[in-house]
Amino acid sequence: MDISQKLKTELKIEKWQADAAIKLIDEGNTVPFIARYRKEMTGSLDDEKLRNLSERLTYLRNLLDKKNQVLASIEEQGKLTDELRERILAAETLVVVEDLYRPYRPKRKTRASVARERGLLPLAEYILSQTGEVLAIIYAEKFIDPDKGVNNALEAVQGAKDIIAENISDDADHRIFIRKITLSEGMITSVSKDAKTASVYEMYYEYEEPLKKIAGHRTLALNRGEAEKILTVKITAPEERIINYLKKSIIKNENPDTALLLTEAVTDSYDRLIGPAIEREIRNILTETAEDSAINVFGKNLEQLLMQPPIGGKIVLGWDPAFRTGCKLAVVDPTGKVIYTRVIFPTAPQNNLNEAKQVLTELVNKYGISLISIGNGTASRESEKIIAAIIKELKLPLSYVIVNEAGASVYSASKLATEEFPRLNVGERSAVSIARRLQDPLAELVKIDPKSIGVGQYQHDMDQKKLSEALTGVVENCVNKVGVDLNTASVSLLTYISGINKTIAKNIVLYREENGRFNDRKQLLKVAKLGPKAYQQCAGFMRITDGKNPLDATSVHPESYEAALKIIAKMGKTLDDVKKALPGGNAGKNAKHSLWTDSSGVKALAAEIGIGEITLTDILKELDKPARDPRESMPVPILRSDILEMKDLSPGMILKGTVRNVIDFGAFVDIGVHQDGLVHISQLTRRFIKHPLEAVSVGDVVEVQVLSIDEAKKRISLTMKINNNQNKGAEHEN
């Protein structure tokens, strides 16, 4: 099997691209490094394409190994024919290889194996020959042997039918056909084990849908309902067609004696062996497909959440809401350093509003707080009301944002949080995390298991290893796309950098603590266990502000410094000009500090300097706006200072909101009433889309119109297909 040719076809890339990517991966290069610094070799394959390639490469190599194992096993048995060898080598999935290997695989004890031990194989072969010379029941008398457990002719015939049934089941062609026709024409059904019991699965109490049409989220819902013992789920296949197909392939003439016995064997083979096995396989196929889709959606949502722009330069008050234990407050400075913590009790049962007013006023005046980050957990709604009322009453120069606090409690009780804040209690750590999530979502969220960040669906029901690997890949892509400040990055953040594991990340922080700040990327080579290969992989993603070399603050890799210096000189500039163009440089925040304005002549310049055009273009792009954060182009969170409630809503009202989660059937949008509204996929856009991700992403700020409100069930239905000529008076800038 030519793996690179297969990858070319599957991923729609050139064979040379596949060959190059395979070589780079085998040499130990990471996906982020290859995607960013080896574009010339791969033809600019992006990180998503490279991860797909890496995943398929592993599968295809495992497939090849399995084929070799199977071929060796069958050859050892002396049963390998040229035709069988070709079929095994041509198989494109592990399932088909298993189908072909089934007749030759060592078996546990079965009814058929017992019958063979009793010497009934010749009787089975006689029945299959369908000669009709002697009735099978009479022919079977010669196999009666009480010592072997065959007491009469009927038992002998039954044993022979067991052998025939297993042979039918083991035939690869039979399984391939039955699997295909069941997937094409079969139905998935579910019924309730107790129709009188109310549950979230009521729509599945009497449910039926073609297998080829079922959506992934419905598969996962059925699986969960079955696991919770509320639903009984089955697959119904076109059994009559399947039985007729098997009979046609087995019964060769009209002999009524053997035809009857073979029909019984066929029916038994399907009902007892093939049918249940195919049902399990198809349920696994449906689940795996649904999981892959859900993991993909989760990954896209997570990427958008992590890539939300940081709100820098502000002193933020983190507010972790609660009732009985009080609201935990934490003030953090623009760098994320904790400068104040406190617990107040403005919510029930204490309802100490005067204390909240006094504390909030003092903190605003003392620390210059301009923004409050409120966690969206228990007592969030009540806290929001209190904060909005205080802002309005005292006319404080404040805005607030409701932040998704998923995973904050897990982090605050973790060993990592204990090491980071040994003197703070769990609630105070949670408040710090909530504040920092607003300042720099990426830097804070990397401390939390990606599965605990609530932007997916059914994440607890799927293969946790596969989910974890996929989400880890997403976090790696995001962290490396943004880069990290080598002198401030936490161990958690550094761990996701290309080429850096947890041990090296800890060693980097330890080196920083013992030797002071890094002033040069080359100092990384002095860090314990960080060798030349790790340095090559990580250096371009590690940034040093105010270091010896301004290029260390950019995404230009040290291996390209010589080329970069030639380019800068060609522009008639110096490294000092690069330094001025960096964020915070002397060029001024709003000044145009592009170093390169001539977009022509790239080919000639690349040839002159001796680098590839793609690499040159990337260096020019970086020098144009050195060290710019790619998150700057993302929509910023909506800052609020007033509050809406569900009772304030009315159909037709137009609002601005933030997309909090995207799922298979729509998107949930925060419109500031504590209860997210659902925009069904049919209401996302006027054009046809297969998935909501084609229209919206987590973090998007969108304009929506209220369709309906159900206060009793806490449901809000929204649309993004707004008729702007209608309800203009109902617009609400929220």
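**Exercises: loops, a patch and two cavities**

Leucine 135 is partly exposed, with a relative accessible area of 44% (buried is under 20%, exposed over 50%, partly exposed in between, with a 1.4 Å probe and protein chains only). You're looking at a predicted model, where local features need pLDDT of at least 70 and side-chain atom pairs pLDDT 80 or more, while totals for chains, interfaces and linings use all residues. Residues are numbered from 1 along each chain as its sequence is written, and side-chain values use heavy atoms, without hydrogens or water.

**Exercise 1.** Place leucine 135 in the fold, then say which surface patch it belongs to.

*Solution.*
- Step 1: go to the loop between α9 (121–129) and α10 (136–139), where Leucine 135 sits. Helices (H or I, at least four residues) and strands (E, at least two) are DSSP runs, numbered from the N terminus.
- Step 2: pick out Val134, Leu135, Ile137, Ile138 and Leu154, which make a nonpolar surface patch of about 430 Å². Patch residues have over 30% relative accessible area and no salt bridge, with like charges joined within 9 Å and nonpolar side chains (Val, Leu, Ile, Met, Phe, Trp, Tyr) within 5 Å. A salt bridge puts a Lys or Arg side-chain nitrogen within 4 Å of an Asp or Glu carboxyl oxygen; areas are Shrake-Rupley, with a 1.4 Å probe.

**Exercise 2.** Examine the loop between β6 and α16, and describe the backbone at proline 349 and asparagine 351.

*Solution.*
- Step 1: proline 349 is found in the loop between β6 (338–344) and α16 (353–367). The peptide bond that joins alanine 348 to it is cis, with omega about 5 degrees.
- Step 2: asparagine 351 is in the loop between β6 and α16 too. Its phi is positive, near 55 degrees, and it isn't a glycine.
- Step 3: check the surface, and asparagine 351 turns out partly exposed, at 46% relative accessible area.

**Exercise 3.** Give the phi of aspartate 546, its loop and its exposure.

*Solution.*
- Step 1: aspartate 546 has a positive phi of about 55 degrees, despite not being a glycine.
- Step 2: look between β10 (542–543) and α26 (561–570), and you'll find aspartate 546 in the loop there.
- Step 3: aspartate 546 is exposed, with a relative accessible area of 67%.

**Exercise 4.** Locate lysine 647 and work out how far it is from valine 673.

*Solution.*
- Step 1: lysine 647 belongs to the loop between α29 (613–624) and β11, and it is exposed at 55% relative accessible area.
- Step 2: count 26 residues along the sequence to valine 673; C-alpha to C-alpha, the two are 9.3 Å apart in space.

**Exercise 5.** Say how many cavities of 30 Å³ or more there are, and describe the lining of each.

*Solution.*
- Step 1: there are two. A cavity is a set of points on a 1 Å grid where a 1.4 Å probe fits but can't get out, and lining residues have an atom within 4 Å of a point. Points join across faces, edges and corners, and the volume is the space filled by probe spheres set on them.
- Step 2: the largest cavity holds about 300 Å³. Its lining has 23 residues, with Leu305, Gln308, Val403, Asn404 and Arg660 nearest the centre. β8 (399–403), α20 (426–439), α21 (441–445) and β11 (654–663) each give two or more residues to that lining.
- Step 3: the second largest cavity has a volume of about 30 Å³. Ile188, Thr219, Leu222, Asn223, Val233, Arg283 and Leu286 form its lining. α13 (216–227) and α15 (256–306) each supply at least two of the lining residues, and α13 gives the most, with three.

Methods
1 Å grid on protein atoms, 1.4 Å probe; cavity = no way out; pocket = protein on both sides within 12 Å on 5 of 7 lines; lining within 4 Å.
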